[in-house]
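Q: Got a minute to go through this one with me? I'd like to start with the pockets.

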Amino acid sequence: MTKLDRRSFIASATALGAALAWPSAAVSKSRVKWVERRDLYPDGVASGDPDSNSVILWTRRPFDSGDRHALTVEVALDPEFRRVVSTTRVPVLAESDWTCRVFAGGLRPATVYWYRFTDATGAGSRVGRTITAPSDEDSRLVSFAFVSCQSVNEGAQNAYRRLIWEDERKPAEERLGFVLHLGDFIYEVVEYPEEVAHRYGRTVYDIGKIPNSRKVYNFHVPTDLAGYRVVYQGHVRDPDIQDARAHFPFICMGDNHEFSWKGWQSTIQYDGEPEPAQELRVAANQAWWEYIPSRVRKASGPGLQSFEGPTVKNTPITKVDDDGFGDEPNNRTAIGSMTAYRALRYGRNVELIITDMHAYMMQDPTSRPEVAALDPGDFPNMFPQEWTEVLDGGRAYNGGNPPEVIMVGDKAVPNFRKGEAPMTLLGRQQKAWFKSKLAESKATWKVWAATNPTLDWRFDPQNLPLGLAAKPWPVAGYACTGGGDMSGSYHERAELYDFVRDRKIGGLVTVSGDRHSFWAGYSAKALPPQSFDPVGIAFVTGSISAPGMAEAMEYNLKKHPLRPLFTADRGNGKFEATCNLSLKRGVRSALEYAKSGDIEAARRLTNPDNAPHLEFIDMGGHGYSVVTATLETVQTEFVCIPRPVTRATTPDGGPLRYRVRHTASLWEGGERPRLKQEVLEGDPKLSV
C-alpha cells in the first residue's frame, strides 16, 4: 500500500477497533503541557508492526483509582514536538492492566516520527521514536535487527545498548527500520535471589514475585493472568530493554516461554504427565497482547482497548485430529483467542512471513514416555537421527510404510508412532497460509521469521574412537538432538522445502532465535548420505542474555568421557566451546582440539559430510544480528558480545567478541544459493 486516504485509514483503524491518531492538515508546535514523569510510566513506551502508513503506539500508565482514564498522544516529526502532526485523546483501562494502544495512521512512508503520552495533569511519558515502512514499490536498502531470548532474571541486556549505540552512528540510509523479536521476550520461569543466588556462575537478579505462583524445580511460574503481567513488567522495566523499545519499532512473535517452557497448544508439562492448561493459554495470550504492540488478531474481534479473552475450562485432551491438534473445544477456543502469525511488507525488498511455532504444534514425539525404551546409551545431547526420522514421520514415514519396530541393538522396540500423524509445528491451517504467502510474495527477499530454527544439529558419534564411550554408538549413522524444533521435524520441513523447489521460489531467507547461539548456513531438507540440495539460506541469532549450551557444559559432564566434545577446560576458569567443532566438523575434530589446542590440526580432521549446511556456528554467542537487503544482495551480520553477566558501564554496551558478515547474491528459484563469509572483528576460530 503506497497511499492511504482518510476514509481508507478510518476503515483500517475501525477493523482494529483502534483509538485513531490521524494527522491534521497543518503541522504545528505542541500545545500540550507535558512534563516528563517516567516514574508514572514505569514500563516506558513502545511501537510495533509498522507499515508504510501506520504503526501501533503503546504505553502503560497505572492509576491508583478508577477503571478508566484518558491520555493524550502526540505524534511529531521532531523530538522537541515543534512539528506535531497528530494530537489525540485515547482511553487507558484497568481491565487491560493500564496498558494503552493507539493506531497511528495517515503517516508518510519511510519516515521517522516521535511520540509521547500525557495524562490529564500534564504528567508525561518519555519520548518514543518510531519509523514507518517504505512503500511496496520503494527499492531502497532495508536494514533490520533480529533478536531473541532475553533473561532479565539471569543476565544483562547489554546487546540492546550496543544496538542503539551503533544505530545512532550510522548514515541515515543505513539505520535500522525495526527490530524483529523472535521469542522468549519473557522467561516465565523465575528464580528468586533469596532461594537461588547464582546459576552457572551468574547472579540471579530480582524481577519481582509472581502472585499465586507454582514452584517447579528452583523456578516459580505463573498460574494466572496476574502472574504473567508481573513477569512482563519485570522484563520491560529493564533499562536497556526499555530504551530499545523507545528507540525502535518492534515486530514480535512469541516462542515457548511466553506460555510455558515445555508447553504446546494449551498443554503444560513439567516432570509428570501433561496437564490441560486452557485457562493458562488464554492468560498468556492476553498478557502478550497487553504488553506487546502488534497487529495480531484476537477472537474477541477488533479493538485495541481490551483483550476480552474467552471463558474456557482446563479440560483433559484425550484425542487429537488427523493433524495432531487436540480435538477438544476448550483447546481450540484457548488457542484461537489470539492468532499471531502474520505477514508484513517492508518496501520492495523484504516481506516478513512470521510463523507461530508453538500454538499449533503437536507434542514432540521424542519427549513422550515411550521413548525411554529407545535408549542409545550414555551419549549426552545425542539421539540417533534415523530413530528421530521414524518417530517424526509417523504413518507417513518411508512413503507411508513405517516400520513396525525400531531396532535397538538386538532388541525390537514397537514403533508407537506408526499409526499417528507426522509431526507438525505449524499445523494445517497456518502451513497452508505460509505456503500461499511464499508463493504470492513479490518481494525480492522472502524472510521467514521462524522462532524455532530450521538448521540441523548433527553429530557423528559413529566416528568416536573405540573405547572412549562406555558402549558403542547403537546405529551406523548420525545423531541429532531429538525433536522439538523445525530441524527435527524432518517430514514437515521437507514438505516446505519441496514446495519452495517445485514453485521455483528464490530469495528465501530464514531468521530464527531460541538456540542461544549464532548459526549461518543453507536450508536443505536432507544431509549426506542423502542428497544435499539447498533451497535457501538460514540464520540463527545468539541470545540477548540467556545462557546457552557452551556455558551450560562448563558446569556439567565434569567426569564424563565425552566432555571434550562439548568443552575444553584450559584452567583458571577458562573454557573453549568444542561443541562448535563437534557440530560443524565432527567429533574427531573436537577431540583433537580439546587435546592439542591446535585449530589447524582439528580442521584437518573435519568430516565433510557431517554439516555441509553450516558456514558458522557459535554455541556460546550472545548479541544480535542485522540483516541488510537490497535488490541484488542480502547480508546478515552477527554482532557478538562477551557473556552478559553484569550490566555494561559504558554507553556502547561494552566490547565485542567478534563481528562476522555473511552475504548472498540473489538467486533464482532452482539455483543453489551461495554465502560469502567475512570476519570483520575478532577471531571466532572455532566457529568458522
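A: Sure, terms up front: on a 1 Å grid over the protein atoms alone, a pocket is an open set of points with protein on both sides within 12 Å along at least five of seven lines, while a cavity is a set where a 1.4 Å probe fits but cannot get out; lining residues have an atom within 4 Å of a point. Grid points are joined across faces, edges and corners, and a volume is the space filled by probe spheres set on the points. This is a predicted model, where local features need pLDDT of at least 70, side-chain atom pairs count only at pLDDT 80 or more, and totals for chains, interfaces and linings use all residues. Residues are numbered from 1 along each chain as its sequence is written, and side-chain values use heavy atoms, leaving out hydrogens and water.

Q: OK, how much space lies in the second largest pocket?
A: About 650 Å³. It has 28 lining residues, and those nearest its centre are Trp-264, Ile-317, Val-320, Gln-363 and Arg-368.

Q: And what classes do the lining residues of that second largest pocket divide into?
A: Nine nonpolar, nine polar and ten charged. Here Ala, Val, Leu, Ile, Met, Phe, Trp, Tyr, Cys and Pro count as nonpolar, Asp, Glu, Lys and Arg as charged, and the others, Gly among them, as polar.

Q: What about the largest pocket, how much space is in there?
A: About 1800 Å³. Its lining has 46 residues, with Asn-256, His-257, Trp-261, Lys-262 and Asp-514 closest to the centre. By class, the lining of the largest pocket has 17 nonpolar, 19 polar and ten charged residues.

Q: Which helix gives the largest share of that lining?
A: Helix α11 (residues 549-554), with three residues. Helices (H or I, at least four residues) and strands (E, at least two) are DSSP runs, numbered from the N terminus.

Q: Now the enclosed spaces. How many cavities of 30 Å³ or more are there?
A: Five. The largest cavity has a volume of about 170 Å³, and among its 15 lining residues Gly-254, Arg-281, Asn-285, Met-338 and Asp-356 are closest to the centre. Helix α5 (residues 278-291) gives the most to that lining, four residues. The classes in the largest cavity's lining are eight nonpolar, three polar and four charged.

Q: What volume does the second largest cavity have?
A: About 50 Å³. Its lining includes Asp-364, Thr-388, Met-423 and Ser-489, and divides into three nonpolar, six polar and two charged residues.

Q: Switching topic: which domain does UniProt place at residues 144-560?
A: The unreviewed entry has "domain: PhoD-like phosphatase metallophosphatase" there. UniProt positions are in the numbering used here, feature names are shortened, and annotations may be inferred rather than shown by experiment. Residues 144-560 are 24% helix and 18% strand, with the end C-alpha atoms 42 Å apart.

Q: And what does it list for residues 44-132?
A: "domain: Phospholipase D N-terminal", from the unreviewed entry. That span is 0% helix and 54% strand, and its end C-alpha atoms lie 20 Å apart.

Q: Any backbone oddities? Where is the cis peptide bond?
A: From Pro-528 to Pro-529, with omega near 15°. Pro-529 sits in the loop between β30 (518-523) and β31 (536-540). There's also Asp-184, not a glycine, with a positive phi of about 55°; Asp-184 is in the loop between β12 (178-181) and β13 (198-199).

Q: Why flag those?
A: Because most residues other than glycine have a negative phi, and most peptide bonds are trans.
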